[in-house]
Amino acid sequence: MIVLQARLFILLYYRPFTAFARIIDEGSWIFGAAMVLIVSRLSQYAFAQVYRGVGAALPGIFATVIGLAVLFVPACILVVTLIEATGSFSVVLRRDYGPLLTCSLIAWAAAGLPIALIFLTLSAGSSAPVILVSLWCLQIALFAGAMSCAVMALFGTSAGRSVLVVVLGLGILAMSTFLLAVLGPVTSLLGSPFVLYFLYQAFRGELGDIGASFRSRGNFRRQLEAAALNVHDADPHYQLGLIYQQRRQYTQAVEEFKRAIAIDPTEADAHFQLGRIAREQSRLDEAMAYLTATLRLDDKHSFSEIWREIGAVHLQAGRVEEARQYLTKFVGRREYDPEGLYLLGETLLKLSQDTQAAEMFSRAVEAVRMLPPYRRSQMRKWSKLAEAELRKLPK
């Protein structure tokens with residue numbers, strides 16, 4: 001167990017995304033807290049050698065762990081629920097708090113270790129205080145970069161949104177720490193046994209759910225891998241592929257989807273996902289082959305999205321007339337799909353049918369406005385693109 005955790009810790013330094021994908025399933029928060037303890041003690045000793053008395057003023061293990069557990073992790077989850085359609089805050093907190101806290105502890109220790117080692121090489125009194133500030137800022141930057149990979153792996157967000165989540169989480173942590181320092185005498189009342197007992201009684205159900213989140217994700221992954229040992233069952237490979245796809249580990253996702261097809265060539269879902277991944281990676285001939293196979297198996301697959309995906313491949317390849325045929329078919333079946341409406345508008349624009357294109361763009365904007373809030377944030381991209389195209393068209 002310790003050997004595995006140590007390997008994952010070292011893996012962070014040269015393959016952070018892969019490391020966090022495994023830490024989510026196999027990481028131990030106890031190991032993370034232990035590493036924070038070791039790095040904190042090492043940092044305090046190293047800083048004290050260079051700047052007399054400064055080491056004692058650095059935050060220790062308890063301040064760090066409490067800051068990450070009580071402020072930073074919930075703040076990141078809150079931001080994710082606001083910008084991504086991942087579910088309500090309470091649901092995501094119960095489901096993902098444990099894995100994200102484990103990632104945060106290990107990332108903090110991994111970011112702090114090289115900084116502490118740098119200070120060990122400096123002689124006492126030989127460094128200007130500006131170096132202390134610079135290295136502290138470097139540690140925060142390393143932590144933010146690592147946590148951006150963790151957020152991408154856990155929630156499947158884009159790189160830009162992952163950075164935004166971590167930056168806002170750190171901002172909330174900083175503001176909260178400042179307020180706690182200003183309101184110190186008042187917040188000390190929270191340490192009262194009566195207050196702590198009341199909080200435990202009020203939230204013990206949620207605490208139990210959060211505790212289960214430390215175990216459930218890894219157990220689910222292990223159960224799928226065990227089920228995948230059955231050479232006649234394609235579904236576990238497909239489910240593992242979806243997990244990898246959500247985490248943007250496309251190489252592993254493609255491998256699992258291909259294994260599912262090897263077991264069951266009629267597995268339309270695996271063909272469809274392989275086609276989508278190939279299209280995103282601009283492997284258009286391969287994408288067309290997988291999507292055409294899906295269409296042969298089920299022309300209404302994924303609520304007829306197969307027609308939209310094939311149309312998008314034709315559009316990306318410059319086959320505009322073919323794209324129009326497939327996208328028109330899709331919009332006829334799903335007339336309120338923002339992505340399909342936008343893509344059909346783009347296609348009509350390339351065919352110099354500006355009036356019809358403007359109609360599709362307007363319908364795409366209206367379709368997004370009609371969506372419920374959790375879906376609207378997910379589809380807002382197509383509304384913005386459609387509005388940009390409408391501004392370019394002559395009135």
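The following exercises, each with a worked solution, concern a predicted model of a protein chain.

**Exercise 1. Overall composition**

Determine how many helices and strands the protein chain has, and describe its burial, contacts and surface.

Solution. Step 1: the secondary structure of the protein chain consists of 18 helices and 0 strands. Step 2: the chain holds 395 residues, and 46% of them count as buried. Step 3: take the contacts between residues at least 6 apart in sequence; 62% of these join residues at least 24 apart. Step 4: the accessible surface amounts to about 20,200 Å², and carbon and sulfur atoms account for 63% of that area.

**Exercise 2. The span and cover of α14**

Test whether the end-to-end distance of helix α14 agrees with the span expected at 1.5 Å a residue, and state how many of its residues are buried.

Solution. Step 1: α14 covers residues 301-316, which is 16 residues. Step 2: the expected span is 1.5 Å times one less than the number of residues, so α14 should span 22 Å. Step 3: the end C-alpha atoms of α14 lie 21 Å apart, in agreement with that expectation. Step 4: with buried defined as under 20% relative accessible area, 13 of the 16 residues of α14 are buried, and the helix is mostly covered.

**Exercise 3. The packing of α12 on α14**

Classify the arrangement of α12 and α14 from their packing angle, and identify the residues through which they meet.

Solution. Step 1: α12 comprises residues 268-280, and its axis lies 11 Å from that of α14, at an angle of about 30 degrees. Step 2: angles under 35 degrees count as roughly parallel, and α12 is therefore roughly parallel to α14. Step 3: the crossing is left-handed. Step 4: α12 contributes Ala268, Asp269, Phe272, Arg276 and Arg279, while the residues they meet in α14 include His301, Glu305, Ile306 and Val313.

**Exercise 4. Two packings of α2**

Classify the arrangement of α2 with α5 and with α1, and give the handedness of each crossing.

Solution. Step 1: the axes of α2 (residues 16-26) and α5 (residues 89-120) come within 9 Å and cross at roughly 130 degrees. Step 2: that angle makes α2 oblique to α5, and the crossing is right-handed. Step 3: Phe20, Ile23 and Ile24 in α2 meet residues of α5, among them Pro99, Cys103 and Ile106. Step 4: α1 (residues 2-11) packs with α2 at about 150 degrees, with the axes 8 Å apart. Step 5: angles over 145 degrees count as roughly antiparallel, and α1 and α2 are therefore roughly antiparallel to each other. Step 6: the crossing of α1 and α2 is left-handed. Step 7: Leu4, Gln5, Leu8 and Leu11 in α1 meet a set of α2 residues that includes Ala19, Arg22 and Ile23.

**Exercise 5. Positive phi angles**

Locate Ser282, Ser302 and Gly318, and give the phi of each.

Solution. Step 1: most residues other than glycine have a negative phi. Step 2: Ser282, which is not a glycine, has a positive phi of about 65 degrees; this residue lies in the loop between α12 and α13. Step 3: Ser302 has a positive phi near 55 degrees and lies in helix α14. Step 4: the relative accessible area of Ser302 is 27%, so this residue is partly exposed. Step 5: Gly318, just after α14, takes a positive phi of about 85 degrees.

Definitions and conventions
Residues numbered from 1 in each chain as written. Predicted model: local features only at pLDDT ≥ 70, side-chain atom pairs only at ≥ 80, totals over all residues. Heavy atoms only, no water. Helix = DSSP H or I, 4+ residues; strand = E, 2+ residues; numbered from the N terminus. Buried < 20%, exposed > 50% of the residue type's maximum accessible area, 1.4 Å probe, protein only. Contact = heavy atoms within 4.5 Å. Areas by Shrake-Rupley, 256 points an atom, 1.4 Å probe, with all protein chains shown as cover. Axes fitted to C-alpha atoms, helices over the stretch in contact; angles between N-to-C directions. Parallel < 35°, antiparallel > 145°, perpendicular 65-115°, else oblique. Left-handed = near helix turned anticlockwise from the far one by under 90°.
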